[in-house]
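Here is a short tour of one protein model, written for someone new to reading structures. Keep the 3D view open and follow along.

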Amino acid sequence: MIVVVVAAVASGTLMSLAFPSADLGWLAWVALVPLLLALRGASIGRAAAAGLLFGGVAGFGIYGWLFALPHFGLLHFAALALYTSLYPACWCAGVALLWSRRGSGPLVVVTAPALWVSLDLLRSHAGFLALPWATLGQSQHADLAVLQVAALGGEAAVTFLVVMANVAIAQWLADRSTRSARAGLAALATVTVVHAGGAIVLASPAHEASLTVAAVQPAIGLAERDTAAGRAAVWQRLESLTRDASASRPALIVWPETAVGDPRHDAALAARLAALSVSVGVPIVVGAAETEKFAATTNAGLSTGQRDAWNSAYLVADGTVVGEPYRKRVLMPFGEYLPLRGTLPWPAGLVPDIVDVRAGDGEAGFEIAASPAPIRIAATICWESEFAWLARTAVSGGARILVQLTNDAWFGDSRAAAQHNLASVLRAVENGVPVVLASNTGPSQVIDAHGRVPSRVDGFGRTGIATAAVSIGVAGGTVYSRIGDAFSLACIAGAGLGLGGALLRRAPPRRSFLPTFAKEAI
């Protein structure tokens with residue numbers, strides 16, 4: 001048992017180091033090996049317990065920044081760690097079933113990663129419990145060659161390769177038979193071919209038109225908008241940065257999430273935005289909101305429940321707030337709304353009541369003028385970047401540029417923002433479109449269609465502008481944009497077949513009554 005504990009802790013530690021702040025993505029290719037070796041021949045129960053421990057250790061290293069939030073304590077982290085650890089616990093139980101003492105064969109090199117991908121799909125579609133944060137695929141954001149396979153199979157294809165490499169290494173170390181060696185070589189060959197293909201894609205010249213885009217990082221403090229003087233300073237900063245950004249004549253300027261209030265109900269703000277757009281002569285995507293995230297109930301009379309408030313993005317161009325805003329559709333549970341309000345009595349000591357923000361009811365794309373035809377852009381706000389289907393449906397519907405508006409000031413100078421930005425790199429590659437990521441306190445980035453970052457503003461709380469010329473995406477996006485999660489669904493089928501076969505192997509053989517019957521008849 002001690003060996004299992006040590007292995008789970010080692011793998012959990014290596015896994016957390018694969019993500020920012022350490023950001024040693026190469027460790028992900030071997031992080032699971034100690035855990036896998038410990039699972040060899042283990043009972044399903046012991047394997048599940050090892051998965052829980054692995055998930056808890058990895059979760060502490062990955063999600064530790066949550067302690068910067070008000071009202072977040074050890075009890076909250078324990079609940080989060082227990083939930084997120086259920087997925088690796090299920091995976092470890094499945095691997096133990098595949099790696100029984102009676103043998104599993106080389107197919108485990110395919111079945112185990114297919115099971116991981118299946119659980120990832122569940123984790124990203126689990127209702128208010130959905131949490132596709134810091135996936136194994138995201139750990140490879142700097143390995144641009146392997147990342148290009150996401151244009152075919154999405155983030156799941158990258159994850160599959162990483163898990164497959166871990167399983168192949170572990171199986172070869174545990175069983176140096178000819179069959180294991182062949183399976184390991186096949187896995188290595190697959191990873192090598194994918195890297196080579198990605199390198200060819202990266203070296204290929206772009207054929208699409210190029211546009212200059214800019215992301216503004218204003219570093220608005222959490223308390224700055226509480227006073228008239230603070231709001232005036234925020235506006236002056238936004239205006240000054242926008243004028244500086246316009247000097248490079250970009251086709252689009254993007255402000256971060258909740259940069260200003262609501263221009264629908266604030267005529268003075270709408271007029272100032274309109275005047276600024278005329279002055280700089282560049283369309284501006286503006287993050288706007290009526291309420292702040294993580295606003296807990298206070299004694300100052302803040303009402304709970306739902307208000308007429310949205311987390312929104314507006315397009316301001318040619319002196320006009322253009323059309324309908326994009327309203328955030330995937331809200332953050334316990335930050336922007338209380339799940340199952342009125343149905344589940346959440347413990348007051350665990351879940352403070354909050355003011356609910358309303359979810360948007362549909363996609364609202366923006367268009368900016370370009371030659372020879374207008375270009376459609378689509379917005380995601382805050383952690384919507386984690387949900388691949390939002391970007392995919394927008395691109396398959398005609399968007400050629402994605403803009404990501406975020407405000408991670410709540411988490412201070414922590415690894416939260418860097419981890420958050422990883423998903424935008426995957427969204428760019430999956431759909432073959434650039435992403436303009438405007439972050440309030442940084443790092444803001446311009447990401448091209450292959451995941452490269454030609455411009456960024458580093459450092460927490462710094463003001464700045466990220467500006468770069470990028471090729472716009474191909475109409476209709478990539479193969480992944482068109483087929484969606486087909487690869488993940490195929491993994492579900494593969495994992496089901498593999499686990500079913502393992503269950504049949506573990507079942508005790510049925511004793512035949514025919515020989516005995518024949519003997520008695522004689």
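Before we look at any strands, one term: two strands count as paired if DSSP finds at least two bridges between them. Keep in mind, too, that this is a predicted model.

**The sheet**

Let's begin with an open sheet of six strands, in the order β7-β8-β9-β10-β11-β12, with mixed pairing. At its edges sit β7 (366-368) and β12 (455-457), each pairing on one side only. From one strand to the next, the twist averages 20°.

Now zoom in on two of the pairings. Strand β8 (residues 375-381) runs parallel to β9, and five bridges join them. Here you can find Ile-377 opposite Ile-401 in β9. Over at β12, the partner is strand β11 (residues 444-447), and this pair is antiparallel, with three bridges. In that pairing, Ser-444 stands opposite Val-457 of β12.

Is strand β9 (residues 401-406) mostly covered or uncovered? Mostly covered: six of its six residues are buried. In a regular strand, side chains alternate between the two faces of the sheet. You can see two sets in β9: Ile-401, Val-403 and Leu-405 point one way, while Leu-402, Gln-404 and Thr-406 point the other way, and all are buried.

**Helix α8 and a nonpolar patch**

Next, find helix α8 (residues 155-174). With 20 residues at 1.5 Å a residue, α8 should span 28 Å, and its end C-alpha atoms are 29 Å apart, which agrees. Because 16 of its 20 residues are buried, α8 is largely enclosed by the rest of the structure.

Even so, α8 takes part in a nonpolar patch on the surface. The patch is about 660 Å² and is made by Leu-17, Leu-24, Trp-26, Val-30, Leu-37, Ile-169, Trp-172 and Leu-173. Which element gives the most to the nonpolar patch? That's α8, with three residues. Another member of the patch, Leu-37, is found in helix α2 (residues 33-39). Leu-37 has a relative accessible area of 33%, so it counts as partly exposed.

**Salt bridges**

Side chains of opposite charge can pair when their charged atoms come close. The count for this model comes to ten salt bridges. Here are three of them:

| Salt bridge | N to O distance |
|---|---|
| Asp-175 and Arg-40 | 3.8 Å |
| Arg-243 and Glu-239 | 3.3 Å |
| Arg-452 and Asp-448 | 2.7 Å |

Take Asp-175 and Arg-40, which meet in a salt bridge. Asp-175 lies in the loop between α8 and α9 (178-203) and Arg-40 in the loop between α2 and α3 (44-63), so the pair ties together parts that are 135 residues apart in sequence. Asp-175 is partly exposed at 28% relative accessibility, and Arg-40 is partly exposed at 32%.

Arg-243 and Glu-239 are another story: both lie in helix α10 (residues 228-246), four residues apart, about one turn of the helix. Arg-243 is partly exposed, with a relative accessible area of 37%, and Glu-239 is partly exposed as well, at 24%.

What about Arg-452 and Asp-448? Arg-452 is partly exposed at 31% relative accessibility. Asp-448 has just 13%, and buried means under 20%, so Asp-448 counts as buried.

Finally, look for Glu-155, Arg-427 and Glu-430, which are linked in a network of salt bridges.

Methods. Residues numbered from 1 in each chain as written. Predicted model: local features only at pLDDT ≥ 70, side-chain atom pairs only at ≥ 80, totals over all residues. Heavy atoms only, no water. Axes fitted to C-alpha atoms, helices over the stretch in contact; angles between N-to-C directions. Expected span 1.5 Å × (residues − 1). Buried < 20%, exposed > 50% of the residue type's maximum accessible area, 1.4 Å probe, protein only. Patch = residues over 30% accessible without salt bridge, like charges linked within 9 Å, V, L, I, M, F, W, Y side chains within 5 Å. Areas by Shrake-Rupley, 256 points an atom, 1.4 Å probe, with all protein chains shown as cover. Salt bridge = Lys/Arg side-chain N within 4 Å of Asp/Glu carboxyl O.
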